[in-house]
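Visitor: I should like to take a close look at a single part of this structure and to understand how that part sits among its surroundings. Would you please guide me through one such part with care?

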Amino acid sequence: MGDDLLASENLILFIKFLVFLTYSSAVLLDFFSQQKQFQDLFITQKIATAYVIRNKLALISRGFSFAIAPALGYLALNISYQELFELFFICSLFAFIFILVSYLIFLRKYKVFKNKTSERSKVIFAERFMGYLAFGIAINAPFVLNILAAAYSSMGLWLVQMAPIITALSTAYIVFFYDTRLALLIDSGDFDYQDAIKFLDERLIGRLIAFILVGVLYFYIV
């Protein structure tokens, strides 16, 4: 009996580590895919190649994010929602730190382009705010829904099925609005360092808002 309990605890610990690893990798690769695209644009000026590389990295990122769901489902059935929320907080914290470090490296490495400014594109705040929400929601939906499923087990089955819908809505905004704005700006030939920072800021701030909300709820609930 004791050996079975120890084996179960070790399995849960391993799955927690697996969730942490896949979540952090998904967030970092998603952010880096955009960053890599801008790097290629600045260095090689190959627009199509930059998009292909970005899409490859984004595809790997989505693969990691899809792998999180079954692991979270197992945890939702075997640990309390408070413990699952604690894992969510830890994952959000380290994932944000990882992309912040990547962002700061980008600022330092490509500040040489800072003075090459052109006429700034104007984007209304409401559109940028929708971007913040989209990037904050995109990968967090499975985590949130599995926590709710663990807390309200009687509704767990249909709650977790909402994850693809919510993820699809946030992805739709990114594809139809964020990527469209970026593509139009690049095609205009008026894209520079300052624009790259603004688009990266949109991703970074979205993740920051999500982390702050997770942190507030974590200290309130747990």
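Guide: What follows is an account of helix 7, set first within the whole chain and then beside other buried places in the chain.

Please bear in mind that this is a predicted model. The chain has 222 residues, of which 43% count as buried. Its secondary structure comes to 8 helices and 0 strands, so that a reader who follows the sequence meets the pattern α-α-α-α-α-α-α-α. Along the principal axes, the C-alpha atoms fill a box of roughly 70 × 30 × 30 Å. The accessible surface is about 12,200 Å², and 71% of that surface belongs to carbon and sulfur atoms. Consider also the contacts between residues at least 6 apart in sequence: 84% of them join residues at least 24 apart.

Let us now turn to helix 7. This helix covers residues 163-187, which is 25 residues in total. From its first C-alpha to its last it reaches 34 Å, close to the 36 Å expected at 1.5 Å a residue. Helix 7 also has a kink of about 30°, and the kink is centred on aspartate 179. After the helix comes glycine 189, whose phi is positive, near 80°.

Which residues of helix 7 are buried? They are Ala163, Thr167, Ser170, Tyr173, Ile174, Tyr178, Asp179, Arg181, Leu182, Leu185 and Ile186. A general point is helpful when reading such a list. An α-helix has 3.6 residues a turn, so residues three or four places apart point the same way.

Aspartate 179 deserves particular attention, since the kink of helix 7 is centred there. Why does aspartate 179 count as buried? Its relative accessibility is 18%, and the cut-off for a buried residue is under 20%. Aspartate 179 also takes part in a salt bridge with arginine 54, in which the closest N and O atoms are 2.8 Å apart. This pair links distant parts of the chain: arginine 54 belongs to helix 2 (residues 47-78) and aspartate 179 to helix 7, 125 residues apart. Arginine 54 likewise counts as buried, because its relative accessibility is 6%.

The salt bridge at the kink is part of a wider count, for the structure holds 6 salt bridges. Aspartate 30 provides a further example, since its side chain meets that of arginine 203 in a salt bridge of 2.8 Å, N to O. Here too the pair links distant parts of the chain, with aspartate 30 in helix 1 and arginine 203 in helix 8 (residues 193-221), 173 residues apart. Both aspartate 30 and arginine 203 are buried. Aspartate 30 forms a salt bridge with arginine 207 as well, the closest N and O atoms being 3.1 Å apart. Aspartate 30 lies in helix 1 and arginine 207 in helix 8, so this pair ties together parts that are 177 residues apart in sequence. Arginine 207 is buried, as is aspartate 30. Asp30, Arg203 and Arg207 are thus linked in a network of salt bridges.

Helix 1 (residues 2-43) also contains threonine 22. Threonine 22 is buried, because its relative accessible area is 10%. Its side chain reaches two backbone oxygens: that of leucine 18 at 2.9 Å and that of valine 19 at 3.1 Å. Leaving aside neighbours within four places in sequence, threonine 22 is in contact with Phe64 and Ile68.

Helix 8 offers two alanines for comparison with the buried residues of helix 7. One of them is alanine 196, found in helix 8. Alanine 196 counts as buried, because its relative accessibility is 0%. Beyond its neighbours within four places in sequence, alanine 196 is in contact with Phe38, Phe42, Phe106 and Phe191. How far apart in space are alanine 196 and serine 170? The two are 21 Å apart, C-alpha to C-alpha, and 26 residues apart in sequence. Serine 170 is one of the buried residues of helix 7.

The other is alanine 210, which also lies in helix 8. With a relative accessibility of 13%, alanine 210 counts as buried. Its C-alpha atom is separated by 8.1 Å from that of leucine 133, although these residues are 77 residues apart along the chain. Neighbours within four places in sequence aside, alanine 210 is in contact with Gly136 and Asn140.

To return to the part you asked about, helix 7 has its kink centred on aspartate 179, and aspartate 179 forms a salt bridge with arginine 54.

Terms used: Residues numbered from 1 in each chain as written. Heavy atoms only, no water. Helix = DSSP H or I, 4+ residues; strand = E, 2+ residues; numbered from the N terminus. Expected span 1.5 Å × (residues − 1). Bend = angle between axes of the 7 residues up to and from the residue. Buried < 20%, exposed > 50% of the residue type's maximum accessible area, 1.4 Å probe, protein only. Polar contact = N/O pair within 3.5 Å; in protein donor to acceptor, adjacent residues only side chain to side chain. Contact = heavy atoms within 4.5 Å. Salt bridge = Lys/Arg side-chain N within 4 Å of Asp/Glu carboxyl O. Areas by Shrake-Rupley, 256 points an atom, 1.4 Å probe, with all protein chains shown as cover.
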